[in-house]
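Hi there,

Here is the structure I promised to pass on to you. Have a look at it first, and then read on for my notes.

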Amino acid sequence: MKFRPLHDRVVVRRLTAEEKTAGGIIIPDTAKEKPMEGEVIAVGAGARNEQGAIVALDVKAGDKILFGKWSGTEVKIDGEELLIMKESDIMGVIA
């Protein structure tokens, strides 16, 4: 299935979390927090401003981003867990 987000929405795949702490302690699955880093898979065309013109998004497919812990809506597309969020939920692009 092909999925294209609308307006200023972005589809994000979470990056995998670390299995160990900096000190070498292995973190069990039940204690892991969901990572707040992800990769942009698809972006919408952009939001409309007050004059009706479309304003393009600042992120593009392939960008690594940082987003809030509770941002987005979790969905399952073709068996893969993804997030759909508005561009305003993204805190920044990781260079």
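To start with, what percentage of the 95 residues of the chain count as buried? The figure is 26% of the 95 residues. Please keep in mind as you read that this is a predicted model.

**Overall layout**

The chain has zero helices and eight strands, so along the sequence you will read β-β-β-β-β-β-β-β. Sequence-distant contacts are well represented: taking contacts between residues at least 6 apart in sequence, 60% of them join residues at least 24 apart.

**The sheet**

Six strands make up an open sheet, and if you walk across it the order is 6-7-1-2-5-8, with antiparallel pairing. At the edges stand strand 6 (73-77) and strand 8 (90-94); each has a single partner strand, so one side of each has no neighbour in the sheet. On average, neighbouring strands of this sheet are turned by 45° against each other, direction ignored.

A good place to zoom in is the pairing of strand 6 with strand 7 (residues 80-86): the two run antiparallel and are joined by five bridges. Ile77, for instance, has Glu80 in strand 7 as its bridge partner.

**Salt bridges**

Side chains of opposite charge can pair when their charged atoms come close. How many salt bridges does the count come to? It comes to five, and here are some of them.

- Lys86 and Asp8 meet through their side chains, at 3.7 Å from N to O. This pair links distant parts of the chain, with Lys86 in strand 7 and Asp8 in the segment before strand 1 (9-14), 78 residues apart. Lys86 is partly exposed at a relative accessible area of 36%, whereas Asp8 is buried at 16%.
- Arg13 pairs with Glu39, and their closest N and O atoms are 3.8 Å apart. Arg13 belongs to strand 1 and Glu39 to strand 2 (residues 37-43), 26 residues apart. Arg13 is partly exposed at 31% relative accessibility, and Glu39 is partly exposed too, at 22%.
- Glu74 pairs with Arg14, with 3.5 Å between the closest N and O atoms. Since Glu74 lies in strand 6 and Arg14 in strand 1, the pair ties together parts that are 60 residues apart in sequence. Glu74 is partly exposed, with a relative accessible area of 42%.

There is also a network of salt bridges that links Arg13, Glu39 and Glu80. You have met Glu80 already, as the bridge partner of Ile77.

**Two buried loop residues**

Where is Glu87 found? Glu87 sits in the loop between strand 7 and strand 8. This residue is buried yet has no salt bridge, and the nearest side chain of opposite charge, that of Lys86, is 10 Å away. A polar atom of the Glu87 side chain does lie 2.6 Å from the backbone nitrogen of Asp58. Leaving aside neighbours within four places in sequence, Glu87 is in contact with Asp8, Val10, Leu57, Asp58 and Val59. Asp8 is thus worth selecting in your viewer, as a contact of Glu87 and as the salt-bridge partner of Lys86.

The other one is Ser71, in the loop between strand 5 (64-67) and strand 6. Is Ser71 buried or exposed? Its relative accessibility is 13%, so Ser71 counts as buried. With neighbours within four places in sequence left aside, Ser71 is in contact with Leu83, Met85 and Asp89.

Enjoy exploring it!

Best wishes

Terms used:
Residues are numbered from 1 along each chain as its sequence is written. This is a predicted model: local features need pLDDT of at least 70, side-chain atom pairs count only at pLDDT 80 or more; totals for chains, interfaces and linings use all residues. Side-chain values use heavy atoms; hydrogens and water are left out. Two strands pair if DSSP finds at least two bridges between them. Helices (H or I, at least four residues) and strands (E, at least two) are DSSP runs, numbered from the N terminus. Axes are lines fitted to C-alpha atoms, for helices over the stretch in contact, and angles run from 0 to 180 degrees between N-to-C directions. Buried means under 20% relative accessible area, exposed over 50%, partly exposed in between (1.4 Å probe, protein chains only). Lys and Arg count as positive and Asp and Glu as negative; His and the chain ends are not counted. A salt bridge is a side-chain nitrogen of Lys or Arg within 4 Å of a carboxyl oxygen of Asp or Glu. A polar contact is a pair of N or O atoms within 3.5 Å; within protein, one must be able to donate a hydrogen and the other to accept it, and residues adjacent in sequence count only if both atoms are side-chain atoms. Contact means heavy atoms within 4.5 Å.
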